[in-house]
Amino acid sequence: MAHRLAQTDGLTDIQQEILATVRSFVDKEILPVATELEHRDEYPTEIVAGLKELGIFGLMIPEEYGGLGESLLTYALTVEEIARGWMSVSGIINTHFIVAYMIQQHGTQEQKDYFLPKMATGDVRGAFSMSEPGLGSDVSAIRTKAVREGDSYVINGQKMWLTNGGSANLVAVLCRTEEGQPEDAPAHRSMTTFLIEKEPGFGPNPKVSGLTVPGKIEKMGYKGVDTTELILEDVRIPADRVLGGGSGRGFYQMMDGVEVGRVNVAARGCGVARRAFELGISYAQQRHTFGKQIAQHQAIQFRLAEMATKVEAAHQLMVTAARKKDSGERNDLEAGMAKYLASEYCKEVVEDAFRIHGGYGFSKEYEIERLYREAPMLLIGEGTAEIQKMIIGRRLLEEYRVSG
Ligand SMILES: Cc1cc2nc3c(=O)[nH]c(=O)nc-3n(C[C@H](O)[C@H](O)[C@H](O)COP(=O)(O)OP(=O)(O)OC[C@H]3O[C@@H](n4cnc5c(N)ncnc54)[C@H](O)[C@@H]3O)c2cc1C
């Protein structure tokens, strides 16, 4: 199908080459099997092996650590292509990417030397754990607690919604630590990120005493990728596995990770919306009612026009947010806007494509049925719409402050 929409100006030859390779991988290796695997809730082992071979797990990891050293933009455009094929696959690389980014930005030299080369090859794969059963948006309310004992910390608590929680062998876990803080210290200064290495799999972990991944959470969509709880009972972690070496910086490290993660959730929204548009415009030219293609009814054409406009607008805003970060500037405003717009538009474009399919959209034989169950996750992950609007609003008031 032609690629008129969602083009990106000014890409280098290398970026174009990477994207062409990924697009071809998506068309040949992901799209033909995605819906079947998703219905069976089966982990895409072969697809992950293929992505490892392409170097996707190390796309943004610097070359000195064995990665490709590419920009956030290249990464985001890659995610967009992959999500066009199957959103769950982009979920497998996204938490890995956030953890690698956090180690690169905030890790000690020893942590970078130890983790990044193995993460670049995909041999170590990361999960990212902030949320708990009692909280998601309100990160400052975290209860999982780490207490220093000699050269280690002892961690107790329960985490929720870990994407890749079973399949990953490294989890970045945000915990409360109160050492060295006055009693009335703000919550965000009493948080620390721990890098916990574990065996992949479910049940009590053979490598880490007291650590349990109970099993997969049954989900409405976004299947194939595992999403889990994590139980920590007197888990002992050496102090040199505190991200960055010192306690009390976890909140800022995680927020930095989430900020680049937002661009990637926006990119996923763009990819899923583009696929929904492709499915819609194709079906509209095959189905006939009242003596003509449904695409020839003006109501359907208007729907296609709205869908394409949303696909285009979301893509361009996502690209702006990625480029802003790559230029070294703060991008929280643009990332928040891109995540908000792309996820809302994605849900709308998917619903439009669903309606164009008539009754067949409700059949599991049609790909749009899968997209319809996947799109809502983007409204929640990496911060809900309300959280994005809080970030956008706060930042606008900083930028447009009226003095006096
Ligand atoms: C499939 C899936 C995968 C996930 N993967 C991960 C992961 O890998 N790691 C991880 O840490 N988390 C993960 N999450 C958790 C996700 O980040 C949270 O679900 C999300 O942040 C929302 O938190 P919550 O579910 O606790 O909702 P709540 O915070 O309880 O929010 C409930 C509702 O209240 C609204 N709300 C909350 N606060 C305000 C406010 N101040 N003003 C106005 N409205 C407000 C919200 O927008 C929402 O509509 C995942 C979630 C899902 C569903």
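Which polar backbone atom is 2.8 Å from an oxygen atom of the ligand? It belongs to M130. The model is predicted: local features require pLDDT of at least 70 and side-chain atom pairs pLDDT 80 or more, whereas totals for chains, interfaces and linings use all residues. Residues are numbered from 1 along each chain as its sequence is written, and side-chain values use heavy atoms, without hydrogens and water.

**View 1. Polar contacts of the ligand (pairs of N or O atoms within 3.5 Å).** A ligand nitrogen atom lies 3.0 Å from a polar backbone atom of W161. At T384, an N or O atom of the side chain is 2.6 Å from an oxygen atom of the ligand. The protein covers 62% of the 980 Å² of accessible area that the ligand has on its own (Shrake-Rupley method, 1.4 Å probe).

**View 2. The shell around the ligand (residues with a heavy atom within 4 Å).** Of the 17 residues around the ligand, S137, W161, T163, T384 and E386 come nearest. By class, the shell has nine nonpolar, seven polar and one charged residues, with Gly counted as polar.

**View 3. Elements and domains that supply the shell.** At least two shell residues come from each of strand 1 (126-129), strand 3 (152-163), helix 9 (367-380) and helix 10 (385-399); helices are DSSP runs of H or I with at least four residues, and strands are runs of E with at least two. Strand 3 gives the largest share, three residues. Domain 2 (126-248) and domain 3 (252-399) each contribute at least three residues to the shell, with bounds from an automatic or database domain assignment.

Note on methods. A polar contact is a pair of N or O atoms within 3.5 Å; within protein, one must be able to donate a hydrogen and the other to accept it, and residues adjacent in sequence count only if both atoms are side-chain atoms.
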